[in-house]
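Work through the exercises below with the sequence and the coordinates side by side, and settle each task before reading its solution.

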Amino acid sequence: MSTHTQRFNDALQQTGMIAILRGVRNDEAQAIGAALYETGFRIIEVPLNSPEPLASIAILRKSLPADCIVGAGTVLKTAQVQQVKEAGGELIVMPHSDGAVIRAAREAGLYSAPGVATVTEAFAALENGADVLKMFPAEQLGPQVVKAWRAVIARDIALLPVGGITPEGMAVFRAAGASGFGLGSALYTPGLTAEQVRQRAQAFVAAWKALG
C-alpha cells in the first residue's frame with residue numbers, strides 16, 4: 001500500500017465512514033463539518049450537484065484540521081477534477097467507474113473512490129489507480145456480493161458500500177467484509193441543523209464502535 005493510500009485508510013479507520021453532504025449550502029458547511037469532525041468523522045464529501053459545491057469544499061478545507069480529508073462526490077468528468085483540487089479538495093468520489101476520471105485524480109494527486117457494481121469494474125478501477133472502491137448501490141448489491149468480492153479482492157483494498165446504509169444495517173455488511181461505508185440521507189439531508197446532523201452522526205459512530 002502506498003503512503004498516499006495509507007493516509008486515506010488512516011482517516012477511514014477513525015470511524016469507518018464517509019459523510020456525504022448532498023445539498024449542503026456553503027453558509028452552513030462550516031458548522032455541519034465541525035459537528036461531524038467533533039463526532040469522529042475524518043472524511044467528508046460534498047457532491048457536485050449541491051448548491052455551490054466548490055465553495056462548500058473550500059470552506060470545509062479551510063475550517064477543518066488537516067487530518068480530515070475533504071472532497072467532492074458525483075464527479076463525472078475529468079475537467080471537474082482540477083476544479084475540485086483548486087477548491088482544496090483531496091478526494092474524488094464517483095457514481096461510476098470512468099478510467100479517465102480515476103487517472104485524472106491520480107495525476108492531480110487526489111484520492112479516488114469510483115463507484116463499481118461488478119467485480120470486473122472493480123479490478124478495472126484498481127488498474128486505473130483507484131484508492132478505494134465504492135460499492136454502489138449497496139441496496140442492490142447486498143452483503144452477499146461484498147462477501148464474494150472480498151474473497152478475490154485484497155484485504156488492504158477498502159470496500160465501501162454506499163446507498164441506503166443505516167446504523168442498524170451496517171453489521172451484516174461489515175460481517176461480509178466491508179471496510180467502511182458512505183453515508184447519505186440517513187446522515188444528512190438538506191434543511192437539517194448542525195445539531196441534528198451531530199445527533200445522527202453520533203448514532204452512526206455508536207453503531208460502528210459496537211461492531212468491534
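**Exercise 1.** Establish the strand order and the pairing sense of the open sheet that three strands form.

*Solution.* In this predicted model, the strands of the open sheet follow the order 6-7-8, and their pairing is parallel. Strand 6 (115-116) and strand 8 (159-161) stand at the edges, and each has a single partner strand, so one side of each is left without a neighbour in the sheet. Turning to the pairing with strand 8, strand 7 (residues 133-135) joins it in the parallel sense over three bridges. Within this pairing, K134 has L160 of strand 8 as its bridge partner. In general, such pairing between strands of a sheet runs through backbone hydrogen bonds.

**Exercise 2.** Determine whether the radius of gyration of the chain agrees or disagrees with that of a compact globule.

*Solution.* Begin with the chain length of 212 residues, for which a compact globule would have a radius of gyration near 17 Å; the chain has 16 Å, which agrees. Next, take the extent along the principal axes, where the C-alpha atoms fill a box of roughly 45 × 40 × 30 Å. Then consider burial, taken as under 20% relative accessible area: buried residues make up 53% of the 212 residues. Finally, of the contacts between residues at least 6 apart in sequence, 58% join residues at least 24 apart.

**Exercise 3.** Describe the accessible surface of the chain and the charges of its side chains.

*Solution.* The accessible surface comes to about 8900 Å², and carbon and sulfur atoms account for 52% of that area. As for charge, the chain carries 18 positive and 18 negative side chains, and the centres of these two sets lie 3 Å apart.

Key:
Residues are numbered from 1 along each chain as its sequence is written. This is a predicted model: local features need pLDDT of at least 70, side-chain atom pairs count only at pLDDT 80 or more; totals for chains, interfaces and linings use all residues. Side-chain values use heavy atoms; hydrogens and water are left out. The radius of gyration is taken over C-alpha atoms; the globule rule is 2.2 Å times the number of residues to the power 0.38. Buried means under 20% relative accessible area, exposed over 50%, partly exposed in between (1.4 Å probe, protein chains only). Contact means heavy atoms within 4.5 Å. Accessible areas come from the Shrake-Rupley method with a 1.4 Å probe; for residues, only the protein chains shown count as cover. Lys and Arg count as positive and Asp and Glu as negative; His and the chain ends are not counted. The place of a charge is taken as NZ of Lys, CZ of Arg, CG of Asp or CD of Glu. Two strands pair if DSSP finds at least two bridges between them. Helices (H or I, at least four residues) and strands (E, at least two) are DSSP runs, numbered from the N terminus.
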